[in-house]
Amino acid sequence: MKRLRPLLGFVFLLFSVFSFPAFADFDIVLSLPANANVANAVASIGGGVQVGAVFSSQEGGLLLHLRVPTVPNCSSNSIIHFCEQIALTTLPSNPHARCWVTAPLTADASWYKTQPGFRLINLNNALPYATGRGVVVAVIDSLMDYSHPALAGHLTNGYDFVVGNQGGIILNDSSAGYLDDSSAGYLDQATITYLNDSSAGYLDDSSAGYLDSQPPAWSHATSVASIIAALAPDAMIMPVRAFGDDGSSDTLIIAKAIIWAVDNGAKVINMSFGTVATTKVMQKAITYALDHNVALVASAGNNNTSVAQWPAAFSGVISTAATDLGDVKASFSNYGPTIVMDAPGVNIISAVPGNLYGCMSGTSFSAPIIAGTAALVRSEGVTSVTQPITRGAINIDAQNPAYTGQLGKRVDVRNSVN
């Protein structure tokens with residue numbers, strides 16, 4: 001028996017080595033014409049298992065999720081528009097707010113809409129003219145705290161793609177994180193003064209320590225949505241969950257989320273995420289949204305670089321950088337020729353789960369300011385929002401001589417509406 005043990009171990013090793021490829025299949029997305037013969041197309045790339053139909057429309061064609069033994073080269077295949085491996089990305093760090101505060105008794109979005117950053121962009125002077133009524137703004141993000149008082153009355157039906165995509169697939173890693181928070185920057189004096197003058201109270205160290213231990217994406221969607229609720233109080237926010245609590249997602253889920261939001265009535269989509277790797281499936285979803293006259297807003301990224309990230313850099317998307325209360329580029333904010341707009345993104349007071357609020361920094365929180373402004377413009381019957389928003393914006397090149405022509409313009413909400 002003792003002699004058999006080494007032999008059995010060797011057999012088990014051989015089995016492990018030679019059976020491993022069966023578990024190493026790749027997940028790809030396949031784009032076909034609407035009238036394509038799916039079986040022939042799959043056979044033409046050497047076969048594969050169809051995991052599911054992602055999208056089908058006469059004008060957009062077919063998108064299929066396949067599991068294949070090797071990633072095929074589809075560039076010369078006349079049957080196929082494109083195929084590519086699904087890319088996985090995760091939140092690279094665990095940043096949270098620079099301050100945690102408890103809400104005042106009137107814990108809806110009205111108490112923080114007068115914060116310094118919102119005063120700078122002339123929000124209160126715009127709301128008598130437009131409130132976003134009749135406009136649905138999709139927030140493609142992590143799980144949202146639907147019960148938060150700041151979001152009460154602001155939410156419409158959404159969809160959870162994370163729960164619908166459990167099971168795990170083998171994906172290639174991406175070098176960039178989607179949820180682009182930043183913890184850079186100290187709590188500025190204006191925010192301190194505002195909070196001290198309000199009925200909000202700072203949390204003690206023990207409570208704050210507990211909050212900082214939460215998963216990376218724990219507060220992201222709630223914070224983003226609460227900014228939109230303040231900017232466009234009569235718009236409806238559509239929560240579309242595409243990111244797990246750990247901040248992970250993939251390019252196929254993102255594309256599905258965009259397409260679902262369009263098909264279910266969103267007129268504005270906020271995308272506070274990005275990756276340095278452009279993908280055809282995400283481009284297809286962006287094109288689909290633009291073809292259906294949906295306004296798209298995305299964060300520019302927090303790496304202090306001119307390297308573009310997507311979806312912000314796609315043509316037609318309003319890419320958004322972050323600035324401080326002096327209209328100076330936030331230290332973390334990306335910049336470059338693809339930037340269309342910028343908005344305050346340093347210590348923005350917004351909601352976090354559990355009837356709490358935090359002071360958030362990042363282009364993730366500049367983007368919903370632009371998305372909220374887009375909702376205001378759309379509610380006035382304007383279908384193309386980019387021109388009104390950029391036409392009324394403020395040129396801040398003088399405050400940023402090292403970034404002339406690389407920050408777009410700083411939003412002025414009152415100038416954007418009629």
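Where is Asp 188 found, in terms of the strand and the helix on either side? In this predicted model, Asp 188 is placed in the loop that runs between strand E9 (172–173) and helix H5 (189–197), and the first of the close-up views below is centred on that residue.

**View 1. Asp 188 is a buried acidic residue without a salt bridge.** The nearest side chain of opposite charge belongs to Arg 119, which is 8.9 Å away, whereas a salt bridge would need a side-chain nitrogen of Lys or Arg within 4 Å of a carboxyl oxygen. The side chain of Asp 188 instead has polar partners: it reaches the backbone nitrogen of Ala 190 at 3.2 Å, and it makes a polar contact with the side chain of Asn 347 at 3.1 Å. When neighbours within four places in sequence are left aside, the residues in contact with Asp 188 are Leu 325, Val 346 and Asn 347.

**View 2. Asp 27 and Arg 67 form a salt bridge.** The closest N and O atoms of Asp 27 and Arg 67 are 3.0 Å apart. This pair links distant parts of the chain, with Asp 27 in strand E1 (residues 26–32) and Arg 67 in strand E3 (residues 61–68), 40 residues apart. Asp 27 is buried, with a relative accessible area of 1%, while Arg 67, at 28% relative accessibility, counts as partly exposed. The structure as a whole holds 5 salt bridges.

**View 3. Asp 160, Arg 241 and Asp 245 are linked in a network of salt bridges.** In the pair formed by Asp 160 and Arg 241, the closest N and O atoms are 3.1 Å apart. Asp 160 lies in strand E8 (residues 159–160) and Arg 241 in strand E11 (residues 236–241), so this salt bridge ties together parts that are 81 residues apart in sequence. Arg 241 also pairs with Asp 245, for which the closest N and O atoms are 3.3 Å apart. Arg 241 is buried, with a relative accessible area of 9%, whereas Asp 245 counts as partly exposed at 39% relative accessibility.

**View 4. Helix H10 (residues 363–379) is largely enclosed by the rest of the structure, because 16 of its 17 residues are buried.** At 1.5 Å a residue, the 17 residues of H10 should span 24 Å, and the 25 Å between the C-alpha atoms at its ends agrees with that expectation. Just after H10, Gly 381 takes a positive phi of about 90°.

**View 5. The largest nonpolar core comprises 67 residues.** The members that touch the most other members of this core are Trp 100, Tyr 112, Phe 118, Leu 195, Tyr 357 and Val 411. Helix H10 supplies the largest share of the core, namely 9 residues. For Tyr 112, once neighbours within four places in sequence are left aside, the residues in contact include Phe 118, Ala 150, Tyr 194 and Ser 226; also among the contacts of Tyr 112 are Ile 227, Ala 230, Ile 349 and Tyr 357. A second, separate core contains 40 residues, among them Phe 82, Ile 86, Leu 252 and Ala 285.

Technical notes
Residues are numbered from 1 along each chain as its sequence is written. This is a predicted model: local features need pLDDT of at least 70, side-chain atom pairs count only at pLDDT 80 or more; totals for chains, interfaces and linings use all residues. Side-chain values use heavy atoms; hydrogens and water are left out. Helices (H or I, at least four residues) and strands (E, at least two) are DSSP runs, numbered from the N terminus. The expected span of a helix is 1.5 Å times one less than its number of residues. Buried means under 20% relative accessible area, exposed over 50%, partly exposed in between (1.4 Å probe, protein chains only). Lys and Arg count as positive and Asp and Glu as negative; His and the chain ends are not counted. A polar contact is a pair of N or O atoms within 3.5 Å; within protein, one must be able to donate a hydrogen and the other to accept it, and residues adjacent in sequence count only if both atoms are side-chain atoms. Contact means heavy atoms within 4.5 Å. A nonpolar core is a set of buried Ala, Val, Leu, Ile, Met, Phe, Trp, Tyr and Cys residues joined through side-chain atoms within 4.5 Å.
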